[in-house]
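Work through the exercises below with the sequence and model open. Each task is followed by a stepwise solution.

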Amino acid sequence: MDTASALDLLAALLTGRAPPSSEGDDGHRRLLALLATSLAVLVGCGVALLVRRSSASPQAVKAPPLAAKKAREEEPDPDDGRQRVALFFGTQTGTAEGFAKALAEEAKARYDRAVFKVLDLDDYAAEDEEYEEKLKKENIALFFLATYGDGEPTDNGARFYKWFSEENVKGEWLSNLQFAVFALGNRQYEHFNKVGKEVDQLLAEQGGKRLVPVGLGDDDQCIEDDFNAWYELLWPELDKLLLVEENSSAAPTPYTAAIPAYRIVFTKPEDEKHINKSFSLSNGHVVYDIQHPCRYAAMLLFDWAQDLICSTSEL
């Protein structure tokens, strides 16, 4: 008797009828069982895949944006018991930012119960409306504002300055804010420190409490000395606000800001074209400081036994 074909077995599997009898009935049954098992496995995998996709979709929709998650991680815990101090900077060449960061580092060592945040004014608020909402939450704020060109704000401070001086809500809405302003400019210009002066005045007019008079940094002279003089006035006021109660009776500590005036950087000849971009002229005079370096070709004589530089000679 002829054996049943594979098509007969498949038809039997789908219809549920037994295949035509043959001499190899046992082999046909085993083949039929194998086909049935394979079909069941395929159907099960398909169902599992559909269930997995349907359960994963709601989670993808509910996932918080990465930017929002990062912003929340950077915000200090409001219940950790520490006072927050915001240090805002508006800078064109990096000097104002350098002062803000140097002050923050010194203050962190002094006030262990305070959190110091150095903030770019342009990054502080994504939209202009957020400036008011966020500033209302600040209790202590220090502003480092440079005046650029003909009495104009710096690039990163222009949006805040326009909003604060023209479009902000009038009235004493900053009654919870205690502030201080250090302005950076150059007396050779007509509008010397215009931005810093105006922001200082507006902060006071709108309810803020001025901690010290506005500092007037003059880049035509020694702006580091101007900064030190301003901060010596600010230091006792910060002591009153930020020192822990048990140390409040202690005598104020003399302070000199650790603002490095110069630094030495060893460069390669092929890097000179990039370094030249950092050179600057101010009112026809060359300005050399940590933000505006100069080149000095020299040979260093090093004493390896003493671990020190013995002498230098200009090449």
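**Exercise 1. Place V85 in its strand pair.**

Step 1. V85 stands opposite F116 in β2.
Step 2. β1 and β2 run parallel and are joined by seven bridges. Two strands count as paired if DSSP finds at least two bridges between them. Helices (H or I, at least four residues) and strands (E, at least two) are DSSP runs, numbered from the N terminus.
Step 3. Check the cover: seven of the eight residues of β1 are buried. Buried means under 20% relative accessible area, exposed over 50%, and partly exposed in between (1.4 Å probe, protein chains only).

A note on the input. This is a predicted model, in which local features need pLDDT of at least 70 and side-chain atom pairs count only at pLDDT 80 or more, while totals for chains, interfaces and linings use all residues. Residues are numbered from 1 along each chain as its sequence is written, and side-chain values use heavy atoms, with hydrogens and water left out.

**Exercise 2. Describe the largest nonpolar core.**

Step 1. Fix the term: a nonpolar core is a set of buried Ala, Val, Leu, Ile, Met, Phe, Trp, Tyr and Cys residues joined through side-chain atoms within 4.5 Å.
Step 2. The largest one has 30 residues, and L87, Y111, F116, F144, W230 and L234 have the most contacts inside it.
Step 3. At least two residues of this core come from each of β1 (83-90), α4 (95-110), β2 (114-120), β3 (140-148), β5 (178-185) and α9 (223-242). Helix α9 gives the most, with eight residues.
Step 4. Trace L234: beyond its neighbours within four places in sequence, L234 is in contact (heavy atoms within 4.5 Å) with L142, A180, L211 and V212.
Step 5. Another core lies apart from this one; its 24 residues include A125, Y161, W173 and F179.

**Exercise 3. Which parts of the sequence does the salt bridge between R159 and D122 tie together?**

Step 1. Apply the cut-off: a side-chain nitrogen of Lys or Arg within 4 Å of a carboxyl oxygen of Asp or Glu. The closest N and O atoms of R159 and D122 are 3.1 Å apart.
Step 2. R159 lies in helix α7 (residues 158-167) and D122 in helix α5 (residues 121-124), so the pair ties together parts that are 37 residues apart in sequence.
Step 3. Both ends are partly exposed: R159 has a relative accessible area of 24%, and D122 has 32%.
Step 4. Extend the search: D122, D128 and R159 are linked in a network of salt bridges. The structure holds 10 salt bridges.

**Exercise 4. Analyse two salt bridges within helices.**

Step 1. In helix α4, E105 and K108 lie three residues apart, about one turn of the helix. Their side chains meet at 3.7 Å, N to O.
Step 2. E105 is exposed at 51% relative accessible area, whereas K108 is partly exposed at 41%.
Step 3. In helix α9, E237 and K240 are also three residues apart, about one turn. Their salt bridge is 3.7 Å, N to O.
Step 4. E237 is partly exposed at 23%; K240 is exposed at 64%.

**Exercise 5. Summarise the whole chain.**

Step 1. Count the elements: the chain has 10 helices and 11 strands.
Step 2. Buried residues make up 32% of its 315 residues.
Step 3. Of the contacts with a separation of 6 or more, 69% join residues 24 or more positions apart.
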